[in-house]
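This report describes a structure chain by chain and contact by contact. The sequence and coordinates come first, and the description follows.

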Amino acid sequence: MIQTGVDPMNLVTHIGLYHYLALAVLLFSIGLVGLITSRNMIRVLMCLELMLNAVNINFVAFNNYLHLDVMAGQVFSIFILTVSAAEAAVGLAVVIALYRMRSSVDIERYTVLKG
Amino acid sequence: MTEAIIFWAFTAISVTAALGVVFNRSIIYSALLLILVFLSIAGIFVLNNADFLAIAQTIVYAVGMTIIVLFGIMFTGDRAMLDEPLTSVRKLVSLVLATFTFVLLIKTVQFPFSIQPASQSVIQTLMQSGSTKMLGELLFSQFVVPFELASVLLLVAMVGAIVLAKKTFADAGEMSSQQLSYSIDSGEPTKEANSALHAAASRGEVHLEEVTRS
């Protein structure tokens, strides 16, 4: 556990809840960078999946360390998995439909709302 | 100690591969690195007593999702395989925003959670049969309504994806006329002509060898 005044070697060898949370935050931030910076729509979808996975890590870690008796966190993870699978299928169908319209998946070229 | 070694290994793999997904210029490599991220996250799930979720993660994400993504790349990526570099303003803005989010979330996550040890019976069940049985019982008792709603959602998403990605009749007409003009330009038979020929050959009306020779 991350506490002030804990010796750093202990932090490396003893894995606790906060390690998993930190990993999830790191992956979420990386996904966020990709979400903003990428110009290819498919890469945007991939980064979205990355962020959803980071959230899943959070749910599973909380379930393991706080409420292992209830297991509700893992059930939530299953629902997230389902929703993200549906989202990926519809998202890629939208990308393909847009590609048919403009023959490009570059986000910078879709400026219809700019006026 | 073993947990620590496994955790750090999976962390290193997943973070490196995630950085690759975001910053690799070739989108095919990004999609393949995404498989690595998903697999290492499945390893993290195993460390957290979520064996069923780890398998589901491997099947749904690392296999299914990546194949859909690769198909998407295949359909759309004839020219735009490489991302063009961004303007420096957008790079700067995104980095600032992501750093801000990272710091904010790290600060939030340091909340002193009250960690409770699991009861002995739960530990014994997990040791014997894994989490699958407990999850199944939960899904079909307490969470049965969301579970059924999720199945409806999947059905709707499937129908929606097919309708969205389907060629409309206008598109199809345009496509065949394009192919027709192409065949007039180059003097080669179109796909439709080829398939009609093959169909005729399979009925025994035309001998394919003769046709290809001539």
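Where in chain B does Asn49(B) lie? Asn49(B) sits in the loop between α2 (27-47) and α3 of chain B. The model is a predicted one. Within it, Asn49(B) has a positive phi, near 65°, although the residue is not a glycine. Asn49(B) is partly exposed, because its relative accessibility is 32% and the partly exposed class runs from 20% to 50%.

A positive phi of about 50° is also found at Ser103(A), again not a glycine. Ser103(A) belongs to the segment after α4 of chain A, and it counts as partly exposed with 36% relative accessibility.

**Chain B and Gln57(B)**

Chain B has 10 helices and zero strands. Read from the N terminus, its order of elements is α-α-α-α-α-α-α-α-α-α. Chain B has 214 residues, of which 29% count as buried. If contacts in chain B are limited to residues at least 6 apart in sequence, 48% of them join residues at least 24 apart.

Gln57(B) is part of helix α3 (residues 51-76) of chain B. Its relative accessible area is 0%, so Gln57(B) is buried. The side chain of Gln57(B) reaches the backbone oxygen of Phe38(B) at a distance of 3.2 Å. With neighbours within four places in sequence left aside, Gln57(B) is in contact with Phe38(B), Ile41(B), Ala42(B), Phe45(B) and Ala62(B), and also with Asn53(A) and Leu81(A).

**The interface of chain A and chain B**

The size of an interface is often given as the accessible area lost when the parts come together. Between chain A and chain B the buried area is about 7300 Å², and carbon and sulfur atoms give 74% of that area. On the side of chain A that touches chain B, α1 (8-13), α2, α3 and α4 of chain A each supply at least two residues. The element that gives the most to this side is α4(A), with 24 residues. By type, the residues of this side of chain A divide into 52 nonpolar, 16 polar and seven charged.

In terms of contacts, 75 residues of chain A meet 87 residues of chain B. There are 16 residue pairs in polar contact between the two chains, counting pairs with both residues at pLDDT 80 or more. The number of salt bridges across the interface is zero.

**Aromatic pairs**

Over all chains, the count of aromatic pairs is 10. One of them joins Phe62(A) and Phe113(B): the ring centres are 4.9 Å apart and the planes stand at 70°, so the pair is edge-to-face. That angle is over 60 degrees, which is why the pair falls in the edge-to-face class. The pair crosses between chains, with Phe62(A) in helix α3 of chain A and Phe113(B) in the loop between α4 (88-109) and α5 (120-129) of chain B. Ring pairs link both residues with Tyr18(A) and Phe111(B) into a cluster.

**The salt bridge and the segment after α4 of chain A**

Which two side chains meet in a salt bridge? They are those of Asp106(A) and Arg39(A), with 2.6 Å from N to O. The pair links distant parts of chain A, 67 residues apart: Asp106(A) is in the segment after α4 (72-102), and Arg39(A) is in the loop between α2 (17-37) and α3 (41-65). A search of the whole structure finds one salt bridge over all chains. Both partners are buried, because 12% for Asp106(A) and 16% for Arg39(A) are under 20% relative accessible area.

Ile107(A) lies in the segment after α4 of chain A as well. Not counting residues up to four places away in sequence, Ile107(A) touches Ser38(A), Arg39(A), Met41(A) and Val44(A). Arg39(A) is thus in contact with Ile107(A) and in a salt bridge with Asp106(A). The C-alpha atoms of Ile107(A) and Ile42(A) are separated by 10.0 Å, with their positions 65 residues apart along the chain.

The table lists accessibility for residues named above.

| Residue | Relative accessibility | Class |
|---|---|---|
| Phe62(A) | 23% | partly exposed |
| Phe113(B) | 23% | partly exposed |
| Ile107(A) | 34% | partly exposed |
| Asp106(A) | 12% | buried |
| Arg39(A) | 16% | buried |

Definitions and conventions: Residues numbered from 1 in each chain as written. Chains lettered and ligands numbered in written order. Heavy atoms only, no water. Salt bridge = Lys/Arg side-chain N within 4 Å of Asp/Glu carboxyl O. Helix = DSSP H or I, 4+ residues; strand = E, 2+ residues; numbered from the N terminus. Buried < 20%, exposed > 50% of the residue type's maximum accessible area, 1.4 Å probe, protein only. Polar contact = N/O pair within 3.5 Å; in protein donor to acceptor, adjacent residues only side chain to side chain. Contact = heavy atoms within 4.5 Å. Buried area = accessible area lost by both parts, 1.4 Å probe. Nonpolar A, V, L, I, M, F, W, Y, C, P; charged D, E, K, R; others polar. Phe/Tyr/Trp six-rings, centres within 6.5 Å; stacked < 30°, edge-to-face > 60°.
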